[in-house]
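User: I would like to check the labels attached to this model. For each one, please set the value against its cut-off and conclude.

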Number of protein chains: 2
Amino acid sequence: MRYFIQFSYDGTAYHGWQVQPNADTVQAHLDTALGMLLRQPVRTLGAGRTDTGVHARMMVAHFDTETEIDAADLCRRLCRMLPPDIAVSRVVPVKSDAHARFDALSRTYHYDICLVKNPFRRRFATRIHYTLDFERMNQAATLLLGTHDFNSFCKRGTDTHTTLCTVSEAQWMPLEDGMWRFRITANRFLRNMVRAIVGTLFDVGNGRLTLDEFKETLRAADRCAAGESAPAEGLSLVNIEYPQDIFQ
Amino acid sequence: MRYFIQFSYDGTAYHGWQVQPNADTVQAHLDTALGMLLRQPVRTLGAGRTDTGVHARMMVAHFDTETEIDAADLCRRLCRMLPPDIAVSRVVPVKSDAHARFDALSRTYHYDICLVKNPFRRRFATRIHYTLDFERMNQAATLLLGTHDFNSFCKRGTDTHTTLCTVSEAQWMPLEDGMWRFRITANRFLRNMVRAIVGTLFDVGNGRLTLDEFKETLRAADRCAAGESAPAEGLSLVNIEYPQDIFQ
């Protein structure tokens, strides 16, 4: 039987989602806890990966087990067993060929920034010390909409057969207390893509880059074209959409 | 010249507000930073004290200086100099006899709780693992309104000439994501008072205490009467009201 597991985490203390040798990762905690509860080795497969320090308000992974399980009970026990910075919200049965990564229709990320010092948001938002023109940043963000080659906003060494992505939503919006949020949805994201986009939008917002230059960066489809990546702490994966028919 | 300084802090890492030997306190950081900027020893006087691990969204202190200062500039420099978990939002001149503690008309506290595990709120909310009847808790909270002797909800060894307080607001309200907030406003608070009240309201909410027993606890005015104090992390000082005429 295959299950989807939906969870969230404060990524501050972790070397990202994906298991790697000699590093504390969210997947390592999840697999270990699941393995103890199901009394068998479990290897989850995530909808994507998040880098060191990046958060997830909603992340999804799938796993297989031959053990008969009460999904709601497993969810509760798993949530109790995991450290305070990881919470499991749902465990649901899916069709045997459902795939957390390949079946995802879209992902949504938030990038939060603070324009004033805020002791309560510093783990989940990036502090910006310069002035930003959000109207110009939104004009640039609009250029991202649609299907483009995002090679300019992709980390070197990514092994992916295509760098085409379709962006359906890309907008800065004000929050309370001098905070702003960039919300972006796409069918897929390349490695480091959101942070490279946000970093380049900062360049547009503070006048280092004109709108035409931003357009040129996108069109260049060249891995050296984008600005510096924005820091990890402001970034959160917040939603993943799946077709309804994969659920049992 | 006397100034009021308004600031906020994440209290997680501090032994409360007030300076004490061999302990890291918010006041120690503030006094040191002010002293460096004004090139003279400065001793602030706070509107009240917060205990170890308690937060403040809005705290006020006053200080005196003979140095001519640009208040807005001092505010910016102070904020930059202080650690990331303390932020200064205002420095304003006040009348020479204005007093951060004695002139305060009222204080408001929030006590936030999470009924579901939440990786993003754990520093600023207390995780509650049992079921609570918020309707009953609000019936009990209503009994706190008005002027009462709050000796039952006061820490032993408090040196105060009176334990009479006037509560003008005391209510639980739902927030998003399975969170609830207790908001309480009074002209003054005794030591440990909010946490003792919240702990006793938990007893009402989970059935360990009836409404009549709660009423009796309040009426007893006895320092052993209240329930266990609620943990520090859920508590934040959020507002202090002053009369307008103390500002210059």
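Analyst: A starting point is B:Lys215, which lies in helix α5 of chain B, residues 211-220. Helices here are DSSP runs of H or I with at least four residues, strands are E runs of at least two, and both are numbered from the N terminus. The model is predicted: local features need pLDDT of at least 70 and side-chain atom pairs count only at pLDDT 80 or more, while totals for chains, interfaces and linings use all residues. Residues are numbered from 1 along each chain as its sequence is written, chains are lettered from A and ligands numbered from 1 in the order in which they are written, and side-chain values use heavy atoms, with hydrogens and water left out.

User: Why is B:Lys215 called partly exposed?

Analyst: Its relative accessibility is 36%. Buried means under 20% relative accessible area, exposed means over 50%, and partly exposed is in between (1.4 Å probe, protein chains only). The value for B:Lys215 falls in between, so the label is partly exposed. As for distances, the C-alpha atoms of B:Lys215 and B:Leu144 are separated by 8.8 Å, with their positions 71 residues apart along the chain.

User: What makes B:Gln27 count as buried?

Analyst: The relative accessible area of B:Gln27 is 4%, which is under the limit and therefore buried. B:Gln27 is found in helix α1 of chain B. Its C-alpha atom is separated by 40 Å from that of B:Leu211, a residue 184 positions away along the chain.

User: How do you know that the side chains of A:Asp73 and A:Arg77 meet in a salt bridge?

Analyst: Side chains of opposite charge can pair when their charged atoms come close. The criterion is a side-chain nitrogen of Lys or Arg within 4 Å of a carboxyl oxygen of Asp or Glu. For A:Asp73 and A:Arg77 the N to O distance is 3.3 Å, so the criterion is met. Both residues lie in helix α2 of chain A (residues 71-81), four residues apart, which is about one turn of the helix. A:Asp73 is partly exposed at 25%, and A:Arg77 is partly exposed at 35%.

User: What does the salt bridge between A:Arg121 and A:Glu176 rest on?

Analyst: The closest N and O atoms of A:Arg121 and A:Glu176 are 2.4 Å apart, which satisfies the cut-off. A:Arg121 sits in the loop between β5 (106-114) and β6 (126-127) of chain A, and A:Glu176 in the loop between β8 (164-174) and β9, so the pair ties together parts 55 residues apart in sequence. A:Arg121 has a relative accessible area of 26% and is partly exposed; A:Glu176, at 40%, is also partly exposed.

User: How many salt bridges does a search of the whole structure find, and what is the N to O distance for B:Arg2 and B:Asp64?

Analyst: The search finds 23 over all chains. For B:Arg2 and B:Asp64 the N to O distance is 2.8 Å, so this pair qualifies. The pair links distant parts of chain B: B:Arg2 is in strand β1 (residues 2-9) and B:Asp64 in strand β3 (residues 55-64), 62 residues apart. B:Arg2 is buried at 14%, whereas B:Asp64 is partly exposed at 38%. Elsewhere, salt bridges that share partners join A:Asp10, A:Arg123 and B:Arg122 into one network.

User: Why is B:Asn22 called exposed, and why is B:Asn192 called buried?

Analyst: B:Asn22 has a relative accessible area of 86%, which is over the limit for exposed. B:Asn192 has 15%, which is under the limit for buried. B:Asn22 is in the loop between β1 and α1 (26-38) of chain B, and B:Asn192 in the loop between β9 (179-186) and α4 (193-205) of chain B. Neither is a glycine, yet phi is positive in both: about 55° for B:Asn22 and near 70° for B:Asn192.

User: How do you know that the radius of gyration of chain A agrees with a compact globule?

Analyst: The globule rule is 2.2 Å times the number of residues to the power 0.38, with the radius taken over C-alpha atoms. For 248 residues the rule gives a value near 18 Å; chain A has 19 Å, which agrees. The C-alpha trace of chain A spans about 60 × 40 × 35 Å along its principal axes. Buried residues make up 52% of chain A, and its secondary structure comes to five helices and 10 strands.
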